[in-house]
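This report describes the fold of one protein, moving from its overall make-up to the arrangement of its strands and helices. The sequence and the structure are shown first.

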Amino acid sequence: MKTYYQFLFLIPAIIISSTLFCSAQEIKDEVEKSIDRNEMPASALSLINQFWKEEKKADFYRQSDGEMISYEVKLNWEDHQYSIEFDSTGSLIDVEQIIEIEELPEALRNTITEEIDKQYSKFKFTRVQRQFSASGNDDEEVLENILEEDFEDLLIRYEIEIDGQNKDELGSFEMLFDVNGNFIQKRKIVRRSLDNIW
């Protein structure tokens, strides 16, 4: 009997924990702080200097989502803006390239737009990023492949930010799609006045 009552007591705790976990997964609440170049992890800075000359204009940031600290380098290259993110040890997490929605192949653009149409009665695109991640390659090889536009061995996703509205939600959202336009996840964005726009 004691075990039965212990089980009943645990049910609400499990439900509350699960709800909190899901909520945490659905919110993008990141804080970015501008830092000096020499505050970057040494290995990350070495990699950046290897592919982009030290004199090149770049901005450096430390980013926190409350659980993880990462470092970002933002720079312009070949008429695109890039954001290169590293973990606290200096290992590459991913590279994001800002593009226009019109730069996506028409079929992919239509697939993504149809999915967003299902979720929101009104929306507008606020930022579109092509995201490159390592797929078994080392950090240096990933950057080499991106610079050479050799994407065959890279994991490519699309991070789409919108301002959207439906009968239940209103706000800014980040939606992630795979290379074929399949919807992966969505997070509501917590906007801050000090956010860096790209």
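Angles between elements run from 0 to 180 degrees between N-to-C directions, and axes are lines fitted to C-alpha atoms, for helices over the stretch in contact. Contact here means heavy atoms within 4.5 Å. The model under discussion is predicted.

With these terms, the placement of one helix can be stated: α2 (residues 42-51) lies across β3, β4 and β5 (80-87), and runs at about 150° to β5.

The protein holds 4 helices and 10 strands. Read from the N terminus, the order of elements is α-β-β-α-β-β-β-β-α-β-α-β-β-β. An open sheet is formed by 10 strands, arranged as β1-β10-β9-β8-β7-β6-β5-β4-β3-β2, with mixed pairing. At its edges are β1 (27-28) and β2 (31-35), each of which pairs on one side only.

Within this sheet, β3 (residues 58-64) and β4 (residues 69-77) run antiparallel and are joined by 7 bridges. Asp59 has Lys74 of β4 as its bridge partner.

Values for the protein as a whole are set out below.

| Property | Value |
|---|---|
| Buried residues | 38% of the 198 residues |
| Contacts joining residues at least 24 apart, among those between residues at least 6 apart in sequence | 55% of contacts |
| Exposed area of the protein | about 12,100 Å² |
| Share of the exposed area supplied by carbon and sulfur atoms | 50% of the area |

Notes. Residues are numbered from 1 along each chain as its sequence is written. This is a predicted model: local features need pLDDT of at least 70, side-chain atom pairs count only at pLDDT 80 or more; totals for chains, interfaces and linings use all residues. Side-chain values use heavy atoms; hydrogens and water are left out. Two strands pair if DSSP finds at least two bridges between them. Helices (H or I, at least four residues) and strands (E, at least two) are DSSP runs, numbered from the N terminus. Buried means under 20% relative accessible area, exposed over 50%, partly exposed in between (1.4 Å probe, protein chains only). Accessible areas come from the Shrake-Rupley method with a 1.4 Å probe; for residues, only the protein chains shown count as cover.
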